[in-house]
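Subject: Model handover

Hello,

Here is the model you asked about. Please open it first, then read the notes below.

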Amino acid sequence: MTTIPDLDLPEGVQPTPLALLMLGRGKDPHSERGVECPGDLPPASDPDLVERARAAKEKLGGNLFVLGHHYQRDEVIQFADVTGDSFKLAREAAARPEAPYIVFCGVHFMAESADILTAAHQQVILPDLAAGCSMADMAAIEQVEEAWEVLQDAGVADVTVPVSYMNSSADIKGFTGRHGGTICTSSNAKRALEWAFAKGEKVLFLPDQHLGRNTAVLQLGMSLDDCVVYDPHKPAGGLTADQLRAARMILWRGHCSVHGRFTLECVKDVRERIPDVTVLVHPECRHEVVTNADLVGSTEYIIKTVDAAPAGSAWAVGTELNLVKRLAKRHPDKTIVFLDRTVCFCSTMNRIDLPHLVWALESLVDGRVVNRIQVDEDTAHWARVALDQMLALPGA
Ligand code: 13P
Ligand code: SF4
């Protein structure tokens, strides 16, 4: 474990509360430790842009509905009419049928889902088209169609139900609907798997292997041996027909580049640094991280848990950094640190910044719809079937 010597900082300069080590994983703690900027500095956001966003939003009034995922930057999330995790935002997307414009401050797959779930006259806008998701990109439709053929050749496709994480493209959601499956999010993965296993013998879980494995093993009581990993970059997924026949969970080889960074070392390290800390992580984290954490749950669960925690309690949170920083700011009476020592924003979520939001809103004021996200009708139909199945899960 790396120990960090006290820093010899100039007067008035404070180390960052999150003690982030950047660049070298603790090789040079003095140069790598972040510090808070002292004194009166201008706010991170250009005040003119804040004013322009406010003015454009006011002009658009009831014609505009802004949705914001919890991992968005503060400068953006302040303009969201509704904030939430993927599940809440999917449910809320259709909440304002009278608004012709829905600006989605999140990533591409979320904006696609909003387009699928809203009425035909509503247009969904993603302020920066580069706001994708590396996990969603790990399952391309051609690869998934090929995998289904591998399952057919092994004689198991008929007894396999696809369960696809919300964090997937509309194409994958369409595939899921076409093959009688359901979408799930981190809030309802257990219920989705229970539903799928009541319907079939096996599940093809796309694209996050960690959420699939963690839910199957920790919530449904399966063993790790019940799970196999299908690698789309290997012939036949790198699995034999016998392995496919023996498996109950066929996990796609995908992961989140943010949550996948947390390691067992991070958990051990934070427990040594903060003896009474409660480690709270998202189920997109690796299995060994989740099994060594104290609590695991979706983004909404993480927020509710920290909000309800008593003053004086200490938390190490394994999820996206914008959210952890926001929680730390909201609860100065609790110790809330980021689980890793290295910076871990979701770089694609962060593509949505104030300049892009202002551009999207001011364009709407001028009558121009920019960066519209539109899913073709056939894909949208089958994706809606799978999304509606999720929304109909017991307790949803
Ligand atoms: P949830 O919003 O379902 O918690 O998923 C986390 C995530 O990675 C969103 O991109
Ligand atoms: Fe994708 Fe992970 Fe970023 Fe979510 S946090 S958008 S899953 S890369």
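In which helix is the place of Ser113? Ser113 sits in helix α5, residues 108-117. Helices here are DSSP runs of H or I with at least four residues, strands are E runs of at least two, and both are numbered from the N terminus.

First, the ground rules. This is a predicted model, in which local features need pLDDT of at least 70, side-chain atom pairs count only at pLDDT 80 or more, and totals for chains, interfaces and linings use all residues. Residues are numbered from 1 along each chain as its sequence is written, chains are lettered from A and ligands numbered from 1 in the order in which they are written, and side-chain values use heavy atoms, with hydrogens and water left out.

Overall picture

The chain has 16 helices and 16 strands. Of its 396 residues, 55% are buried. Buried means under 20% relative accessible area, exposed means over 50%, and partly exposed is in between (1.4 Å probe, protein chains only). A contact means heavy atoms within 4.5 Å. Among contacts with a separation of 6 or more, 66% link residues 24 or more positions apart.

Confidence

pLDDT is the predictor's confidence in each residue, from 0 to 100. The chain averages 90, and 88% of the residues score at least 70. Two stretches need care. Residues 1-5 stay under 50, with eleven contacts beyond four places in sequence. Residues 18-33 also stay under 50, with 43 such contacts. Where pLDDT is low, the predicted coordinates should not be read in detail.

Ser86, Met166 and Ser113

UniProt, in an unreviewed entry, places a "binding site" feature at His69, Ser86, Tyr165, Met166, Asn167, Ser186, His282, Pro283, Glu284 and Thr299. UniProt positions follow the numbering used here, feature names are shortened, and annotations may be inferred rather than shown by experiment. Of these residues, Ser86 and Met166 are included in the lining of the largest cavity. A cavity is a set of points, on a 1 Å grid over the protein atoms alone, where a 1.4 Å probe fits but cannot get out; lining residues have an atom within 4 Å of a point.

Ser86 belongs to helix α4, residues 86-92. Its relative accessible area is 13%, so Ser86 is buried. Beyond four places in sequence, Ser86 contacts His69, Met110, Met166, Asn167 and Thr185.

Met166 is in the loop between β7 (160-165) and α7 (170-178). Met166 is buried because its relative accessibility is 2%. Its contacts beyond four places in sequence include Ser86, Ser113, Lys173 and Leu387.

Back to Ser113. Its relative accessibility is 3%, so Ser113 counts as buried. Beyond four places in sequence, Ser113 touches Met166, Lys173 and Leu387.

The three cysteines

Which residues carry the other "binding site" feature in the unreviewed UniProt entry? They are Cys133, Cys256 and Cys346. These residues span 214 residues in sequence, yet no two of their C-alpha atoms are more than 9.4 Å apart, so they gather at one spot.

Cys133 lies in the loop between β6 (123-125) and α6 (141-153). Cys133 is buried at 15% relative accessible area. Leaving aside neighbours within four places, Cys133 contacts Val107, Phe109 and Thr348.

Cys256 lies in the loop between β11 (249-252) and α11 (264-273). Cys256 counts as buried at 10% relative accessibility. With the same neighbours left out, those within four places in sequence, Cys256 contacts Met135, Asp208 and Glu284.

Ligand 2

Cys133, Cys256 and Cys346 are among the residues around ligand 2, as are Asn167 and Glu284. A residue is near a molecule if one of its heavy atoms lies within 4 Å of it. The shell has seven nonpolar residues, three polar and one charged. Ala, Val, Leu, Ile, Met, Phe, Trp, Tyr, Cys and Pro count as nonpolar, Asp, Glu, Lys and Arg as charged, and the others, Gly among them, as polar.

Backbone points to check

Most residues other than glycine have a negative phi, and most peptide bonds are trans. Leu206 and Pro207 are joined by a cis peptide bond, with omega about -25°. Pro207 is in the loop between β9 (202-206) and α9 (209-219). Ala236 has a positive phi, near 55°. Ala236 is partly exposed at 33% relative accessible area. Asn371 also has a positive phi, about 50°. Asn371 is buried at 17%.

Best wishes

Methods:
1 Å grid on protein atoms, 1.4 Å probe; cavity = no way out; pocket = protein on both sides within 12 Å on 5 of 7 lines; lining within 4 Å.
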